[in-house]
Structure formats: C-alpha cells, structure tokens
Amino acid sequence: MMRMRGGTSNPSAKRARTKGHSIKSEISPAEMMGMKEVLRRSHFNGNHLEIGTAAGGTLKEIINCYVEPRPNFFVIDPMTYFPNQFEKICQNLRSANIDPKIVTFWKGTSAQFLKSYETRDKSFDFIFIDGNHAHYFVMLDLDWCDRLSVGGVVCLHDNSPAHPGVGWAVNSKPKLRQSWAVRVPYDFTQEN
Ligand SMILES: C[S@@+](CC[C@H](N)C(=O)[O-])C[C@H]1O[C@@H](n2cnc3c(N)ncnc32)[C@H](O)[C@@H]1O
C-alpha cells in the first residue's frame, strides 16, 4: 500500500478543486511520478480501479503507462463533481489517444458498487482511492482493499493534514496495518 501525501503543493490541483473544471490530474507531479514508477515496476496485467476520477486527468496517465494489450480499467464516480463530468472525461481521454470505451465507468458511489452484481467477482491489481475524503467515505472506499490481488497495490491520495479523514480512516482499519506492507517508493515529503 502506498500512501500519497496529497497534492497540496500543486497549484493546478487547487484550481481544479475550486472550479472543478480543469481537465488536469489533481495529483501533484511528484505523486504522479511515484505512481507511474510503481506501475512500471509492477508489470500488472489484471484489473485497475480508480475510485473518484474528476476529469480523468490521472486516469489517462495511468492508462498510458501501458501499451497494448492493456489491462482492464474501471472507474467508480457519481459523476456529479462538475457539469458534464462524463463528457469531459471522455474528451480528456481522447486527447491522450485513449478510446473511452476501453474504460468501464460505474456511475455511483464506491459503496453502491462494492456488493453489486457488476463488481462482485472482480479483483484488482491496482486501486487508486481518491473519492470523497471524509472519514466515513474513506472507510467505505477502503473496503475495496479486500478485492486487491495478492501482490497488488493500493494508492491512497490526500492522506495529509488538509484531509484528516483519510488518515483517520486508515488508522481505524487495523487489518490494513497487520496484513499489508506499507511501501513508499517515492519520497513525497520532498515536495512541500
Ligand atoms: C479529488 S476528485 C478525484 C481526482 C482524480 N482522482 C485525479 O487524480 O485527478 C474526487 C472525485 O471523487 C468523486 N467521488 C465523490 N464521492 C465519491 C464516492 N462516494 N465514490 C466514488 N467517487 C466519489 C467525485 O465525483 C470526484 O470526481
């Protein structure tokens, strides 16, 4: 499990949160570099999941870490973050030469889909959790960790003082501490 500190030093991320219309990734360049490094080293070929995609800015970078045949990509998001969110995501993916059809979009909350028919048989090599950062919702998002393949990686964004609910949620799941390796392959602390 890799913890990401949070894009507090990324001005474009701050803009995106305020206006909600940017098509850029909401994670910082250093976090992006760290995440890509993990993916490149891991050689995953199983399912990838992003919980909370905003405009798909990080999604397109994750997808473009791979060449054909790519693994399967899934996104869960209520698609109410800003107007025309889904259209904007598709536009963003196309701008990176990615056909949006290669991504399965599950429109709704992570809790709604956890036990749904569509997802119940799926496991994931890679899960990026970046949805609602309130404690209660992060707790629900962390239930997806039970779907992680052996050797898989979960990245959790915004585990930072600006979003205390994220850290509280992680710390209140003792199972995560007992059975998971916490890896920080990139020193995110250098960026602030
Ligand atoms: C911080 S943004 C995601 C940023 C994106 N991961 C990136 O790196 O550019 C949060 C997203 O989470 C979505 N969201 C909010 N509550 C959610 C929930 N309960 N389950 C899944 N997604 C959620 C919002 O609609 C929004 O698109």
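**A first look at the fold**

Trainee: Which residues of the largest nonpolar core touch the most other members?
Mentor: A nonpolar core is a set of buried Ala, Val, Leu, Ile, Met, Phe, Trp, Tyr and Cys residues joined through C-beta atoms within 7 Å. Buried means that 20 or more other C-beta atoms lie within 10 Å of a residue's own; 12 or fewer makes it exposed, anything in between partly exposed, and C-beta atoms are placed from the backbone. The largest core here has 28 residues, and the members touching the most others are Ile51, Phe126, Ile127, Phe128, Ile129, Val154 and Cys155.

Trainee: And which element gives the largest share of this core?
Mentor: Elements are DSSP runs numbered from the N terminus: helices are H or I with at least four residues, strands are E with at least two. Those giving two or more residues to this core are α2 (29-42), β2 (48-51), α3 (57-63), β3 (73-77), β5 (124-129), α6 (135-142), β6 (148-156) and α7 (164-171). With five residues, the largest share comes from β5.

Trainee: How should I read the numbering, and what is the mean pLDDT of the protein chain?
Mentor: Residues are numbered from 1 along each chain as its sequence is written. This is a predicted model, where local features need pLDDT of at least 70 and side-chain atom pairs count only at pLDDT 80 or more, while totals for chains, interfaces and linings use all residues. pLDDT is the predictor's confidence in each residue, from 0 to 100. In the protein chain 81% of residues reach 70 or more, and the mean is 85.

Trainee: Where does pLDDT stay under 50?
Mentor: Take contacts as pairs of residues whose C-beta atoms, placed from the backbone, lie within 7 Å. The model has 34 contacts beyond four places in sequence for the stretch you're after, residues 5-18.

Trainee: What pattern does the protein chain follow along the sequence?
Mentor: Start with the tally: eight helices and six strands. Read in order, they give β-α-α-β-α-β-α-β-α-β-α-β-α-α.

Trainee: Which residues are closest to the ligand?
Mentor: The shell takes residues whose C-beta atom, placed from the backbone, lies within 6 Å of the ligand. 20 residues surround the ligand, and the closest are Gly52, Thr58, Thr109, Gly131 and Asn132.

Trainee: Which elements give two or more residues to the shell around the ligand?
Mentor: By class, the shell has seven nonpolar, 10 polar and three charged residues. Here Ala, Val, Leu, Ile, Met, Phe, Trp, Tyr, Cys and Pro count as nonpolar, Asp, Glu, Lys and Arg as charged, and the others, Gly among them, as polar. The elements giving two or more residues are α3 and β3.

Trainee: What do the buried residues of α4 pack against?
Mentor: In helix α4 (residues 85-95), the buried residues are Gln85, Lys88, Ile89, Asn92 and Leu93. They cover an arc of only 135° around the axis, so they sit on the same side of α4; the arc is that of the directions from the helix axis to the C-beta atoms. The face turned away carries the exposed Glu87 and Arg94, while the buried residues pack against α3.

Trainee: Is Val166 buried or exposed?
Mentor: Val166 lies in helix α7. Leaving aside neighbours within four places in sequence, Val166 is in contact with His133, Val138, Leu156, Asp158 and Asn159. It has 26 C-beta neighbours inside 10 Å, so Val166 counts as buried.

Trainee: What about Glu118, which residues does it touch?
Mentor: Glu118 sits in the loop between α5 (110-114) and β5. It is exposed, because just 10 other C-beta atoms lie within 10 Å. Not counting residues up to four places away in sequence, Glu118 touches Trp106 and Phe113.

Trainee: Any backbone oddities? What is the phi of Ala54?
Mentor: Most residues other than glycine have a negative phi, and most peptide bonds are trans. Ala54 is in the loop between β2 and α3, and it's buried, with 28 other C-beta atoms within 10 Å. Although Ala54 is not a glycine, its phi is positive, at about 55°.

Trainee: Which residues does a cis peptide bond join?
Mentor: Look in the loop between α3 and β3, where Pro69 lies. With omega at about -5°, the cis peptide bond joins Glu68 and Pro69.

Note on methods
Contact = placed C-beta atoms within 7 Å.
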